[in-house]
Amino acid sequence: MAAGQAQPAAKKKVLFILGATATGKSRLSIDMATRFPAEVINSDKIQIYKGLDVITNKLTHHDMRGVPHHLLSVISNPNADYTKTDFCLLALHAIQSIHSSNRLPIIVGGSNSHIEALVDHNPYIDFKQEYDSCFVWIDADEPILFSRVSARVDEMVDSGLLSELCDLDFSSIDCDKGIYRSIGVPELRSYFLAEKSDLAEDESRLQELLRRGIDSMKKNTCDLAAKQAVRIKKFAAAPGRDVVRIDASRVFDSASAEEAERIWEESVRRKGEAIVEIFLKD
């Protein structure tokens, strides 16, 4: 560089946390945002809608631990279309707002197509020219992840999933639109329609429909997780892309909750912190 020539401005930094459903992305994002000055941007295309907090598996306010979240529960119309282009525009505004407060944007969510659009096919800016990105991929071996998915669906049922859905008018909602695309709504439709029909008196039939619905939720969520993992692998393999993988398999294969916590701290949280520390110092 010639003497007296100004140094190019350093790119502002953005952290991405990638991962299939149920791998612990949200927890890791909170761990990072409570360790570093940061705020979270939700990239999940279903969690952007208001309502159905259990079935869409949104973090509770308690679990957020005071970390500000953007693009979470902001669309009131449950049938509204929310495109990748919409996400790019809203995410860019959120990134700029977070940077203006001298904080780190952490983009996290299961909709990898939205992250790809933001980084590789952004209609508004050349994202890779504007921002310095770090990609952390939290992953787990497929059989262990599928077992975790099954357990999480059971946890959702225990947390009030059925109560959350009971007021929906399943005779009129379109399961191909908006928030109603969420896994669990179409799968349990037959159960809730039967509950409000002449079959309501047939308890054994209702329980069979409920069992089938829950089993379908588990299968379809496992299928989704497998597709997400394939897509992330393809994204990570792009030339010049630096993606660091953290294997959380041992967390979900632990013999006890105490052991799972210990492994998470040692093998996931601390590794994530080390990655982000290096990224922020570059």
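What covers the buried residues of helix 4? In this predicted model, the cover includes strand 1, helix 3, strand 4, helix 5 (127-130), strand 5 and helix 9. Helix 4 spans residues 112-120, and 8 of its 9 residues are buried, so this helix is largely enclosed by the rest of the structure. The buried residues are Asn112, Ser113, His114, Ile115, Glu116, Ala117, Leu118 and Val119. Helix 4 is a helpful place to begin a tour, and several of its residues return below.

Ser113 offers a closer look at this helix. Its place is in helix 4, and its relative accessibility is 14%; because buried means under 20%, Ser113 counts as buried. Leaving out residues up to four places away in sequence, Ser113 touches Lys84 and Arg231. Lys84 belongs to helix 3 (84-100), while Arg231 falls within helix 9 (203-236).

The wider setting is given by the domains. The assignment for the protein chain gives domain 1 (13-141 + 241-281) and domain 2 (146-219). Domain 1 is thus written as two stretches of sequence, 13-141 and 241-281. The C-alpha centres of the two domains lie 28 Å apart. Across the boundary, 17 residues of domain 1 are in contact with 19 residues of domain 2.

The largest nonpolar core holds 53 residues, and those touching the most other members are Phe16, Leu18, Ile107, Leu118, Phe127, Leu165 and Val185. Two or more residues come from each of strand 1 (12-18), helix 3, helix 4, strand 5, helix 6 (142-158), helix 7 (161-165), helix 8 (189-195) and helix 9. Helix 9 gives the most, with 8 residues. Both domains take part, since this core draws at least three residues from domain 1 and at least three from domain 2. A second, separate core has 26 residues, among them Leu104, Ile138, Ala260 and Phe279.

Which residues does Leu18 contact, leaving aside its neighbours within four places in sequence? The partners are Lys25, Ile115, Phe135, Val136, Trp137, Ile138, Ile232, Phe235 and Val243. Ile138, one of these partners, is included in the second core, whereas Leu18 is among the residues with the most contacts to other members in the largest core.

Leu18 also appears beside an enclosed space. The count comes to 1 cavity of 30 Å³ or more, and about 30 Å³ of space lies in the largest cavity. Its lining is made of Leu18, Asn112, Ile115, Glu116, Arg231, Ile232 and Phe235. Helix 4 and helix 9 each supply at least two of these residues. By class, the lining divides into 4 nonpolar, 1 polar and 2 charged residues. Ile115, Ile232 and Phe235 from this lining are also among the contacts of Leu18, and Arg231, another lining residue, is touched by Ser113.

An open space is found in the second largest pocket, which holds about 180 Å³. Lys11, Val119, Lys128, Tyr131, Asp132, Ser133, Phe135, Pro239, Gly240, Arg241 and Asp242 line this pocket. Strand 5 (residues 131-139) gives the most to the lining, with 4 residues. The lining comprises 4 nonpolar, 2 polar and 5 charged residues. Val119, part of this lining, is one of the buried residues of helix 4, and Phe135, also in the lining, is in contact with Leu18.

Helix 9 deserves a second visit through Thr221, whose place is in that helix. Is Thr221 buried or exposed? Thr221 is buried, with a relative accessible area of 10%. Residues up to four places away in sequence aside, Thr221 touches Thr21, Val149 and Ile183.

Two loop residues complete the picture. Ser73 is not a glycine, yet has a positive phi of about 55 degrees. Its place is in the loop between strand 3 (69-70) and helix 3, and at 24% relative accessibility Ser73 counts as partly exposed. Asn102, likewise not a glycine, has a positive phi of about 60 degrees. Asn102 sits in the loop between helix 3 and strand 4 (104-108). With a relative accessibility of 70%, Asn102 counts as exposed.

Methods: Residues are numbered from 1 along each chain as its sequence is written. This is a predicted model: local features need pLDDT of at least 70, side-chain atom pairs count only at pLDDT 80 or more; totals for chains, interfaces and linings use all residues. Side-chain values use heavy atoms; hydrogens and water are left out. On a 1 Å grid over the protein atoms alone, a cavity is a set of points where a 1.4 Å probe fits but cannot get out, and a pocket is an open set with protein on both sides within 12 Å along at least five of seven lines; lining residues have an atom within 4 Å of a point. Grid points are joined across faces, edges and corners, and a volume is the space filled by probe spheres set on the points. Ala, Val, Leu, Ile, Met, Phe, Trp, Tyr, Cys and Pro count as nonpolar, Asp, Glu, Lys and Arg as charged, and the others, Gly among them, as polar. A nonpolar core is a set of buried Ala, Val, Leu, Ile, Met, Phe, Trp, Tyr and Cys residues joined through side-chain atoms within 4.5 Å. Buried means under 20% relative accessible area, exposed over 50%, partly exposed in between (1.4 Å probe, protein chains only). Domain bounds come from an automatic or database domain assignment. Contact means heavy atoms within 4.5 Å.
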